[in-house]
Amino acid sequence: MIVWKIKPTEVKMCVGKEEYVDASLITKDHLFQLMNLMFSEDKKTFELSNDEDFDVLKNTVLREIVVQINKALKEFYDNVENQKNTIERKFPSLQ
């Protein structure tokens with residue numbers, strides 16, 4: 001799943017399977033939805049952009065905002081497996 005759809009005049013973020021929202025309209029709920037998907041889906045499913053991919057954006061303020069969001073998402077994405085392991089250790093499944 002491609003997380004960002006980037007064009008010179010707009011950028012959209014994935015908030016669900018095949019559901020995208022304009023970056024200027026992203027809310028904390030949208031971020032939560034995406035992070036929940038990252039946590040619950042197979043890690044190889046997601047394709048995050050590099051910071052350089054956003055260089056095509058003409059609006060410099062929007063570019064800086066989405067770059068910061070992307071960095072936070074990458075950090076979360078890189079730690080998903082550790083987070084899952086921590087949760088499984090603290091809350092083992094009941095059988």
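Two residues are taken to be in contact when heavy atoms of theirs lie within 4.5 Å. In the predicted model described here, 52% of the contacts in the protein chain between residues at least 6 apart in sequence join residues at least 24 apart. The chain has 95 residues, of which 31% count as buried. The C-alpha trace spans about 55 × 20 × 20 Å along its principal axes. The accessible surface of the protein chain amounts to about 6,500 Å², and carbon and sulfur atoms account for 51% of this area. The protein chain carries 14 positive and 17 negative charges, and the mean positions of these two sets are 2 Å apart.

The secondary structure consists of three helices and three strands. In sequence order, the elements follow the pattern β-β-β-α-α-α, with the strands preceding the helices.

The three strands form an open sheet in the order β1-β2-β3, and the pairing is antiparallel. Strands β1 (4-7) and β3 occupy the edges of this sheet; each has a single partner strand, so one side of each is left without a neighbour in the sheet. On average, and with direction ignored, neighbouring strands of the sheet are turned by 25° against each other. In general, strands of a sheet pair through backbone hydrogen bonds, in either a parallel or an antiparallel arrangement.

The pairing of β1 with β2 is antiparallel and comprises four bridges. A hairpin connects β1 to β2 through two residues. Within this pairing, Ile6 stands opposite Val11 in β2.

Strand β2 (residues 10-16) also pairs with strand β3 (residues 19-22), again in the antiparallel sense and over four bridges. Two positions illustrate the register of these strands. Cys14 is placed opposite Tyr20 in β3, and Gly16 is placed opposite Glu19 in β3.

The hairpin of β2 and β3 has two residues between the strands, and Glu18 in this hairpin takes a positive phi near 60°. Glu18 thus belongs to the loop between β2 and β3. The positive phi, about 60°, is found here although Glu18 is not a glycine. The relative accessible area of Glu18 is 70%. Residues count as exposed when this value is over 50%, and Glu18 is therefore classed as exposed.

Of the helices, α1 (residues 28-40) lies across β2 and β3 of the sheet. The direction of helix α1 makes an angle of about 60° with that of β2.

A further position of interest is Glu47, which is located in the loop between α1 and α2 (60-78). Leaving aside neighbours within four places in sequence, the residues in contact with Glu47 are Met1, Ile2 and Val3. Glu47 was also considered relative to strand β2, whose residues 10-16 include Val15. Glu47 and Val15 are 32 residues apart along the chain, and the separation of their C-alpha atoms is 13 Å.

Technical notes
Residues are numbered from 1 along each chain as its sequence is written. This is a predicted model: local features need pLDDT of at least 70, side-chain atom pairs count only at pLDDT 80 or more; totals for chains, interfaces and linings use all residues. Side-chain values use heavy atoms; hydrogens and water are left out. Two strands pair if DSSP finds at least two bridges between them. Axes are lines fitted to C-alpha atoms, for helices over the stretch in contact, and angles run from 0 to 180 degrees between N-to-C directions. Buried means under 20% relative accessible area, exposed over 50%, partly exposed in between (1.4 Å probe, protein chains only). Accessible areas come from the Shrake-Rupley method with a 1.4 Å probe; for residues, only the protein chains shown count as cover. Lys and Arg count as positive and Asp and Glu as negative; His and the chain ends are not counted. The place of a charge is taken as NZ of Lys, CZ of Arg, CG of Asp or CD of Glu.
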